[in-house]
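The exercises below ask for a careful reading of one structure, and each task is followed by a solution that goes step by step.

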Amino acid sequence: MTLKVENISAGYGEVQILWDISLNVEKGEIVGLLGSNGAGKTTTLRVITGLLQPIKGKIYFENKDVTNLEPYKRVELGMSLVPEGRQLFPRLSVFNNLKAAAFTKRAREKFYDTLELIYNLFPVLKERRNQPAGTLSGGEQQMLAIARALVCRPKLLMMDEPSLGLAPKLVLEILNLISKLRNEGYTILLIEQNIRHALKIADRAYIIETGRIVKHDIGENLLNDPDVKKAYLGL
């Protein structure tokens, strides 16, 4: 098992946001953590990445307890995050944004091998490699944010709202790209509020509401679930 989240509760100060969150991600899967804005998705991700310490519960990565491990050490083990809002360096070139991400020993040693892989996955980034990141289109910036996370050669790729702010056509393009990454062997935890599209590509998904997991099933079953249809799909 790549990731196991076990009975996590967490919050900020005296405000509790998460209650007994449990989920797992197997190698080679796309697993969705899906829900509306404010449901607790990003807080869950902050606990997984080590940016927020849980009140209780455990995080296991490849069967190793990483609950108290610093965020950069989790990256060294193979966790990589595509953050919400991309958070690129807009004045740096595409190439230098990618180069800046190679801060672990493994990433530095394998950078040019990884770069070749990235340019095969994202030909437009090769074309724009000398262009400032801030001048790319929204879809191209999202591709660069994903590519930057791949520089660390992750065993688990976590994506926080990759479709946010994109035009409908680009949303489909990015989600198709995520499917392609899974087919290339990447293991993906997808955090999304665009539930309809996410369920079409997820092997399994967890639905989170007000800090609690309320449903877990394969993507196709959740797409056809009457409660999910009513609450999230407008059907």
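**Exercise 1.** Determine what share of the contacts in the chain with a separation of 6 or more comes from residues 24 or more positions apart.

*Solution.* In this predicted model, residues 24 or more positions apart account for 67% of the contacts with a separation of 6 or more. A contact here means heavy atoms within 4.5 Å.

**Exercise 2.** Decide how the radius of gyration of the chain compares with the globule rule.

*Solution.* Begin with the elements, which are 11 helices and 10 strands. The radius of gyration is 17 Å, close to the 18 Å that the globule rule gives for 235 residues, so the chain is as compact as a globular protein of that length. Along its principal axes, the C-alpha trace spans about 45 × 40 × 30 Å, and 49% of the 235 residues count as buried.

**Exercise 3.** Describe the aromatic pairs of the structure and the cluster into which ring pairs link Phe95, Phe111 and Tyr112.

*Solution.* The structure holds two aromatic pairs. In one of them, phenylalanine 95 and phenylalanine 111 lie 5.8 Å apart centre to centre with 75 degrees between the planes, an edge-to-face arrangement. This pair links distant parts of the chain, since phenylalanine 95 belongs to helix H3 (residues 94-100) and phenylalanine 111 to helix H5 (residues 111-121), 16 residues apart. The rings of phenylalanine 111 and tyrosine 112 have centres 5.0 Å apart and planes at 80 degrees, so this pair is edge-to-face, given that planes over 60 degrees apart count as such. As for exposure, phenylalanine 111 counts as buried at 2% relative accessibility, phenylalanine 95 is partly exposed at 22%, and tyrosine 112 is exposed at 52%.

Technical notes:
Residues numbered from 1 in each chain as written. Predicted model: local features only at pLDDT ≥ 70, side-chain atom pairs only at ≥ 80, totals over all residues. Heavy atoms only, no water. Helix = DSSP H or I, 4+ residues; strand = E, 2+ residues; numbered from the N terminus. Rg over C-alpha atoms; globule rule 2.2 N^0.38 Å. Buried < 20%, exposed > 50% of the residue type's maximum accessible area, 1.4 Å probe, protein only. Phe/Tyr/Trp six-rings, centres within 6.5 Å; stacked < 30°, edge-to-face > 60°.
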